Amino acid sequence: PTHVVPARRVLLKLSGETFGGGRVGLDVGVVRRVAEEIAVAVRGGVQVAIVVGGGNFFRGAELSASGMDRARADYMGMLGTVMNCLALQDLLEQAGVSTRVQTAITMGQVAEPYIPLRAIRHLEKGRVVIFGAGAGMPYFSTDTVSAQRALETHCQEVLMGKNGVDGVYTADPRKDPDATLLEHLTYTDALVGDLAVMDATALSLCRDNGVAMRVFGLEEPGNVTRVLQGEKIGTSVTA
Ligand code: UDP
């Protein structure tokens with residue numbers, strides 16, 4: 001056929017804060033709600049790859065501030081993300097979605113190793129691919145990994161789910177009542193303005209390779225489905 005419309009393929013970033021419901025450990029109710037919202041979009045034909053954070057267990061920078069070696073603490077942080085991956089996998093499977101977890105640190109009993117072409121094949125078959133263990137490298141963040149995985153698996157958009165905010169604001173809306181939501185900004189705006197969208201490595205990777213991003217709030221019911229389906233909520237960030 002000559003007029004094949006390419007499938008929508010997106011990368012969703014879920015932070016550890018989401019998994020923990022704001023605390024240490026796992027809030028299964030929250031993960032179940034997010035999984036069910038993802039399932040709706042997957043049944044509608046959207047190809048979904050997910051990068052999972054781990055801040056609800058360990059953050060390398062925090063452990064290192066308490067006296068641990070930074071690199072070893074970062075490995076603990078990466079291992080934490082894998083527990084979130086397994087929780088999300090379980091609840092997605094319960095919601096009727098076929099899944100695969102791929103980790104950047106190999107652990108054959110619980111997940112496949114990260115193999116980009118295989119990940120793409122899973123996505124084409126309608127499976128959700130959940131990427132864990134970050135980049136497998138200390139000093140990186142799961143935001144940076146989101147940009148990298150989106151590029152390598154040819155996702156059209158990076159969707160950054162946030163807790164507590166529903167997009168990028170002119171100032172911190174929790175502190176400044178005059179802060180207004182920005183519907184659009186460029187990666188350079190975000191870098192120069194030092195807006196807390198995501199870390200600078202992730203922003204520059206997206207900018208230099210022209211991948212589009214959307215920052216949105218996870219808490220409003222239905223938002224995860226909406227953003228996966230392509231609704232223009234929150235803030236769009238482009239080159
Ligand atoms: N981490 C790392 N390399 C990576 C990704 C993550 O060292 O490629 C470590 C880092 O210590 C980080 C922790 O894993 O603090 C959890 O990831 P992140 O803080 O990005 O999770 P989130 O803030 O999204 O919950």
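Phe140 is a handy place to step into this predicted model: leaving aside residues up to four places away in sequence, Phe140 touches Gly134, Ala135 and Val145. Its place is in the loop between β5 and α6, where β5 covers 128-132 and α6 covers 142-152. Phe140 counts as buried because 20 other C-beta atoms lie within 10 Å, and 20 or more is what the label takes.

Now look at Tyr139. This residue also belongs to the loop between β5 and α6, but is Tyr139 buried or exposed? Tyr139 has 12 C-beta neighbours inside 10 Å, so it counts as exposed, the cut-off being 12 or fewer.

Both residues turn up in a record, too. The unreviewed UniProt entry gives a "binding site" feature that includes Tyr139 and Phe140, along with Gly54, Asp74, Ala135, Gly136, Met137, Pro138, Ser141 and Thr142. These positions are spread over 89 residues of sequence, yet they cluster in space, with a largest C-alpha distance of 14.1 Å.

Next, the ligand itself. It is surrounded by 21 residues, and the closest are Gly16, Gly53, Gly60, Gly77 and Gly134. Gly134 is one we've met already, as a contact of Phe140. Which elements give two or more residues to this shell? They are α1 (16-20), α3 (60-65), α4 (70-94) and α6 (142-152). Of these, α4 provides the largest share, with four residues.

As for chemistry, the shell around the ligand splits into 11 polar, seven nonpolar and three charged residues. Keep in mind that glycine is counted as polar here, so the closest residues, Gly16, Gly53, Gly60, Gly77 and Gly134, fall in the polar group.

Methods. Residues are numbered from 1 along each chain as its sequence is written. This is a predicted model: local features need pLDDT of at least 70, side-chain atom pairs count only at pLDDT 80 or more; totals for chains, interfaces and linings use all residues. A residue is near a molecule or strand if its C-beta atom, placed from the backbone, lies within 6 Å of it. UniProt positions are given in the numbering used here, feature names are shortened, and annotations may be inferred rather than shown by experiment. Two residues are in contact if their C-beta atoms, placed from the backbone, lie within 7 Å.
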